[in-house]
Each structure stands twice: as C-alpha cells, then as structure tokens.
Amino acid sequence: LSMTANGAGGDCHWEMDTVLCGTHSIDEHNQYMYTYIEELNQSENVEFNIANSVWIKDDEEAIQINEEFVQKCTDYYDAEIYMAEFDDSTVEDINSWVSEETEKMIPTLLNEIPAEAVMYLINAIAFEGEWATEYEDNQIIEDSEFTNFKGDSENVNMLSSTEGVFVQDENSKGFIKPYKDGKYAFMAILPEENISVSEYIESMTGDSFINMYNNREYKDVIVKLPEFTYEYETELSPYLSAMGMGNAFTESADFSNMAVT
C-alpha cells in the first residue's frame, strides 16, 4: 500500500496519504517504513522476512513506467523489479517468488493474469519463531478430546503448559506466550461459553485488543492449547475504502505518478 501511495495522484493520493501517513508526508512515511522493515528483517531469534516486488508488463504500448516511482520502491522498500510478458510463464514466476519469500506457506497467489493487467505490486511477509520456553515431550498429550468452535468433538494433540502472562476483558480470557528474545509473542483469546468465536471477533476492535494487552497481568496461567493450522483469505478493498481510501478502487483512481498507460 505504501508503494502504491507513492504512485498515486490527485484525490487518490490525498486519501492514501491521509490514511497511511496521518500528519506525516509520504516522504517521511517512506523513511519510517524503510527503518521499520530493516529492523524487522534483522531479528536474530526469529525468522521475519518482508519482501516486495513490482512486476511490469513488458510492452511500452500498454504501460510506460515512471522511473521516479520505481526508484522509490527500490530505495525505501527494497523492491525487486521485473519486466515480464504477463503470460502463463509470468503466473508461474510470480507464484514461485511468493512461495519462496513465504517459506512455501503461500504456494499460489495467481491462477491467471487478466488481459487488462499491466502491473503487480506484491508484498510478502513470513514469520517463523521458536518459543522462549519450548514444549517438553511430556507436555504434548496425543489424541486428546477437544471441542471445536462448531461444537464438534475431535481428537487432537494438546499442548499443556503453565504460562506467565494473563489477559482478559468482559467477554474473554487468555494468555500470552513469548517467542525467543521476547520481542514477539503469541496471544490466545478464549471467548466465554455463551459467546461464539464469530460474535467475539465481530465485537473486537483495534483499541479493545490493545487495551487487553496493556492490561495484562503477570501471573501463572494453566493452559491447554490444541495444535492447529489456520488459513485465511480476504479481499481488503472494502475495509480500506471504509478507512478512507475508497478512491483507489474506483475507475477515477489516479495513479499518474506510477505510470502512463
């Protein structure tokens, strides 16, 4: 989004600048993002990879790229720039890039490239960390019965431990388990029995989440956590529009500082 904001013009730029940068200019925001990404990528005890790329259709009749925009993407966001045919081979190349940068956690991003597409700006983030306190073999209970959010019972590997940070609000309670070096942590929240997971998520806001974290208590928490995997996919444009950058998703969107088509 920040790379895209550098290519926006007119009202589109104003909206993106307001939402992403607040009271700062886009140039100040670029410098902040550069420093922030550098800090995250230099984590010693966890693997935190942030990668960016810009894929441009290799056809001057379809698009003429703004060199200043490309330079900002490379200078501040360390973006890799690719000129490509935008055919089936490009689909394969983009998917390979995303898979590699996410440690194969996201193996496929595109199934095809629409005929009208002339550029892709892609951001990939991958995080993998070791617990500050690893689970011992005797803390892993196999074939333990667990009731999932649908109310169905299933057998799982249950991780049993005593953690040291307790969190709660009026509708839930949970715990925080740090990764090595204490810079990052996993926070698990369990809604009360009379509140479904979906209802709780609907009621959650950024402020409520931060307040829960800020009001954490340091005391023993007896925890049983099932081993799990989770996948999530969503279209962000409705949320970004609601935040105030709706112009970017309309036919009147102005990206004249990015390229000429």
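I began with C73 and asked whether this cysteine is buried or exposed. At 1% relative accessibility, C73 counts as buried. I kept in mind throughout that this is a predicted model.

I then looked for a bonding partner for C73 and found that the closest cysteine sulfur, in C21, lies 14 Å away, which is too far for a bond. Because a disulfide would need the two sulfur atoms within 2.5 Å, I recorded C73 as unpaired in this model.

C12 was my next entry, and here too the relative accessibility is 1%, so C12 counts as buried. The nearest cysteine sulfur to C12 is again that of C21, at 13 Å, and C12 takes part in no disulfide. For the structure as a whole, I noted a disulfide count of zero.

From C73 I moved to V54, since C73 is one of the residues that V54 touches. Setting aside residues up to four places away in sequence, I listed the contacts of V54 as M3, C73, A79, E80, I81, Y82, M119, Y120 and L121.

Which residues have the most contacts inside the largest nonpolar core? I found these to be V54 and M119, in a core of 29 residues. At least two residues of this core come from each of α3 (26–41), β1 (46–57), α4 (67–77) and β10 (221–226). The largest share, five residues, is supplied by β1. I also wrote down a second, separate core, which has 14 residues and includes W55, V91, V98 and Y120. Y120 therefore appears in my notes twice, as a member of that second core and as a contact of V54. As background, I noted that nonpolar side chains tend to be buried together in soluble globular proteins.

I finished with the chain as a whole, in which I counted eight helices and 11 strands. Of its 261 residues, 35% count as buried. The C-alpha atoms fill a box of roughly 65 × 40 × 35 Å when this is taken along the principal axes. Looking at contacts between residues at least 6 apart in sequence, I saw that 64% of them join residues at least 24 apart.

For the surface, I recorded an exposed area of about 17,100 Å², of which carbon and sulfur atoms supply 47%. My last entry concerned charge: the protein chain carries 11 positive and 55 negative charges, and the mean positions of the two sets are 11 Å apart.

Notes
Residues are numbered from 1 along each chain as its sequence is written. This is a predicted model: local features need pLDDT of at least 70, side-chain atom pairs count only at pLDDT 80 or more; totals for chains, interfaces and linings use all residues. Side-chain values use heavy atoms; hydrogens and water are left out. A nonpolar core is a set of buried Ala, Val, Leu, Ile, Met, Phe, Trp, Tyr and Cys residues joined through side-chain atoms within 4.5 Å. Buried means under 20% relative accessible area, exposed over 50%, partly exposed in between (1.4 Å probe, protein chains only). Helices (H or I, at least four residues) and strands (E, at least two) are DSSP runs, numbered from the N terminus. Contact means heavy atoms within 4.5 Å. Accessible areas come from the Shrake-Rupley method with a 1.4 Å probe; for residues, only the protein chains shown count as cover. Lys and Arg count as positive and Asp and Glu as negative; His and the chain ends are not counted. The place of a charge is taken as NZ of Lys, CZ of Arg, CG of Asp or CD of Glu.
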